[in-house]
Amino acid sequence: MSHRDAESDVRRIAAQLAHELRETFAAQGYALDVMAAPPMGGRAYVEFAPLNEDMARRLIDGLRRGPTT
């Protein structure tokens with residue numbers, strides 16, 4: 001696999017992961033902006049847009065409780 005193909009795969013994986021995270025959080029009532037980040041060292045990364053304090057607290061509390069479904 002060429003470097004270009006490998007980087008393309010990593011970008012695709014990051015985009016899919018960002019999509020899955022957005023959908024999963026949305027299903028739990030959280031409207032989070034999750035995006036694919038540029039790959040580094042052959043690894044896929046995602047990033048979250050900044051959260052206001054209220055959303056961050058709700059998210060932390062929700063993660064501690066676990067999924068509701």
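Select Asp9 to start. Asp9 is partly exposed, with a relative accessible area of 27%. Asp9 sits in helix α1. Remember as you click that this is a predicted model.

Keep Asp9 and add Pro39. The two residues are 30 apart along the chain. Draw the distance between their C-alpha atoms: it comes to 10.0 Å.

**The whole chain**

Zoom out and colour by secondary structure. The chain has 2 helices and 2 strands. Read from the N terminus, the elements run α-β-β-α. How does the radius of gyration compare with the globule rule for 69 residues? The radius of gyration is 15 Å, well over the rule's 11 Å, so the chain is more spread out than a compact globule.

Now orient the C-alpha trace along its principal axes. The trace spans about 45 × 25 × 15 Å. Then colour by accessibility. Of the 69 residues in the chain, 17% are buried.

Two pairs give a feel for the scale. Select Arg58 and Ala6, which are 52 residues apart along the chain. Their C-alpha atoms are separated by 37 Å. Arg58 belongs to helix α2. With a relative accessible area of 36%, Arg58 is partly exposed.

Next, select Gln28 and Arg11. Here 17 residues along the chain go with a C-alpha separation of 26 Å. Gln28 is in the loop between α1 and β1. Its relative accessible area is 26%, so Gln28 is partly exposed. Hold on to Gln28, as the tour returns to this residue at the pocket.

**The hairpin**

Select residues 34-40, strand β1, and residues 43-48, strand β2. In which sense do β1 and β2 pair, and over how many bridges? They pair in the antiparallel sense, over 5 bridges.

Step along the ladder. Click Val34: its bridge partner in β2 is Phe48. Click Ala36: its bridge partner in β2 is Val46. Show side chains while you are here. In a regular strand the side chains alternate between the two faces of the sheet.

Move to the turn. The hairpin has 2 residues between the strands. One residue to check on a Ramachandran plot is Gly41, which takes a positive phi near 60°.

**The aromatic cluster**

Go back to Phe48 and show the rings around it. The structure holds 2 aromatic pairs. Start with Phe25 and Tyr30. Their ring centres are 6.4 Å apart and their planes meet at 85°, so this pair is edge-to-face. Both Phe25 and Tyr30 are buried.

Now take Phe25 with Phe48. This aromatic pair is also edge-to-face: 6.2 Å from centre to centre, with 75° between the planes. Which parts of the chain does the pair link? The parts are distant ones: Phe25 is in helix α1 and Phe48 is in strand β2, 23 residues apart.

Compare accessibility across the pair. Why does Phe25 count as buried? Its relative accessibility is 14%, and the cut-off for buried is under 20%. Phe48, at a relative accessible area of 41%, is partly exposed.

Select the three rings together. Phe25, Tyr30 and Phe48 make up one aromatic cluster.

**The largest pocket**

Keep Tyr30 and add Gln28, Gly62, Gly66 and Pro67. These are the residues nearest the centre of the largest pocket, among the 10 that line it. The elements that give two or more residues to this lining are α1 (3-27) and α2 (53-65). Which element gives the most? Helix α2 does, with 3 residues.

Turn on a surface for this region. The largest pocket holds about 230 Å³ of space. Colour its lining by residue class. The lining has 4 nonpolar, 5 polar and 1 charged residues.

**Last stop**

Finish with Tyr30 and Gln28 on screen together. Tyr30 is one member of the aromatic cluster, and Tyr30 is also among the residues nearest the pocket centre. Gln28 shares that place by the pocket centre and lies in the loop between α1 and β1.

Technical notes
Residues numbered from 1 in each chain as written. Predicted model: local features only at pLDDT ≥ 70, side-chain atom pairs only at ≥ 80, totals over all residues. Heavy atoms only, no water. 1 Å grid on protein atoms, 1.4 Å probe; cavity = no way out; pocket = protein on both sides within 12 Å on 5 of 7 lines; lining within 4 Å. Points joined across faces, edges and corners; volume = space filled by probe spheres on them. Helix = DSSP H or I, 4+ residues; strand = E, 2+ residues; numbered from the N terminus. Nonpolar A, V, L, I, M, F, W, Y, C, P; charged D, E, K, R; others polar. Pairing = 2+ DSSP bridges. Phe/Tyr/Trp six-rings, centres within 6.5 Å; stacked < 30°, edge-to-face > 60°. Buried < 20%, exposed > 50% of the residue type's maximum accessible area, 1.4 Å probe, protein only. Rg over C-alpha atoms; globule rule 2.2 N^0.38 Å.
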